[in-house]
Amino acid sequence: MLKVEKISKSYGNNLAVNDLSFVVERGEIFGLLGANGAGKTTTFRMIMGLLDPDSGYITLDGKPIDYGVTDNIGFVTEERSLLTKMTVKEQVIYYGILKGMVEEEILEKLDWWLKKFQIQDYKNRKIKELSKGNQQKIQFISAVIHEPKLLILDEPFTGLDPINVKLFQDAIYELQKQGCSIIFSSHQMEHIEMFCEKLIILVKGKVVLAGYLKDIKKEYRKKNIKLVGDIDLVELKKIPGVLAVNALANEYEIKIREEEVAYEVFKKISKYKVSKFVIEEPSLSEIFIAKVGEKYGE
């Protein structure tokens, strides 16, 4: 279990992280979100022991973060951090030994991961000869070869096509089943919704929203109606509580202030031929934009 308690970090007069607390349980995938400059990278560096917080505490399984504990942490960054003149085999052996493994164990696990990612033939290829997507696979393997207790994923799907995203998705769920605690950060909100039950959103180093995703969506009263039919858009826009009516590719999206407004919309369209009427929770992207934009506007 990772426990972050009231940590703060400043660079001169810039308060990068402000009194941040959260817990990531064993086997939990936790979302850490924020716009650029929100304090995510500083938080990651403190968790990995690269920076000391000015105040507060960070522990992994009850132990303060130090060089003994960081061997139990893996980190996949958005930017490539590979030694491109090395072969895949040399690269992973290098990282594995840094984490205290022996070569025989590293090679056994490497073969397993290469097969899982469908790149068995790349074992003796140089990193610089691989595509960006396959380099990201090697970066992932290097981060998890030692079976970390905590894995930090910062934009892990950069450069991946949908097929490879699915391979990564399966790999992440496999690690979760093994009890690995995972912090997931991405600007692609659909990935956060795919993986994370619990999350926090940072703005200028401070938490503006935290909790379970299902509860956050429930408390955010605005809803969306997806509608297919031949209807009068002007009439819909006049209904109190209807915030917007958008024509999408094959349907209409009606944004409403709260769920009760849906009844008024349904009454209004009942005289038309309608083949679809679905009330949906707002997307995490909508909530993120609303909360972050609201704080930046203060």
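Which strands does helix α1 (residues 40–47) lie across, and at about what angle does the helix run to β2? In this predicted model, local features need pLDDT of at least 70 and side-chain atom pairs count only at pLDDT 80 or more, whereas totals for chains, interfaces and linings use all residues. Residues are numbered from 1 along each chain as its sequence is written, and side-chain values use heavy atoms, with hydrogens and water left out.

Helix α1 lies across β1, β2 and β4 (55–60), at about 60 degrees to β2. Here axes are lines fitted to C-alpha atoms, for helices over the stretch in contact, and angles run from 0 to 180 degrees between N-to-C directions. Helices (H or I, at least four residues) and strands (E, at least two) are DSSP runs, numbered from the N terminus.

The strands themselves are a good place to continue. An open, antiparallel sheet is formed by four strands in the order β2-β1-β4-β5, with β2 (14–24) and β5 (63–64) at the edges, each pairing on one side only. Two strands count as paired if DSSP finds at least two bridges between them. Strand β1 (residues 2–11) is joined to β2 over seven antiparallel bridges, and to β4 over five, also antiparallel. Opposite Val-4 stands Phe-22 of β2, while Ser-10 faces Leu-15 in β2; on the β4 side, Lys-3 stands opposite Thr-59. A hairpin links β1 and β2 with two residues between them, and Gly-12 in its turn has a positive phi of about 65 degrees.

Back in helix α1, Thr-43 deserves a closer look. Thr-43 counts as buried because its relative accessibility is 0%, the cut-offs being under 20% relative accessible area for buried, over 50% for exposed and partly exposed in between (1.4 Å probe, protein chains only). A polar atom of the Thr-43 side chain lies 2.8 Å from the backbone oxygen of Gly-39. Leaving aside residues up to four places away in sequence, Thr-43 touches Val-17, Leu-20, Phe-22, Leu-32 and Leu-202, where contact means heavy atoms within 4.5 Å.

Finally, the largest pocket holds about 490 Å³ of space. A pocket is an open set of points on a 1 Å grid over the protein atoms alone, where a 1.4 Å probe fits, with protein on both sides within 12 Å along at least five of seven lines; lining residues have an atom within 4 Å of a point. Grid points are joined across faces, edges and corners, and the volume is the space filled by probe spheres set on the points. The lining comprises 19 residues, with Met-48, Ile-73, Phe-75, Tyr-95 and Lys-99 nearest the centre. At least two lining residues come from each of β6 (73–76), α2 (88–98) and α4 (132–144).

Methods: A polar contact is a pair of N or O atoms within 3.5 Å; within protein, one must be able to donate a hydrogen and the other to accept it, and residues adjacent in sequence count only if both atoms are side-chain atoms.
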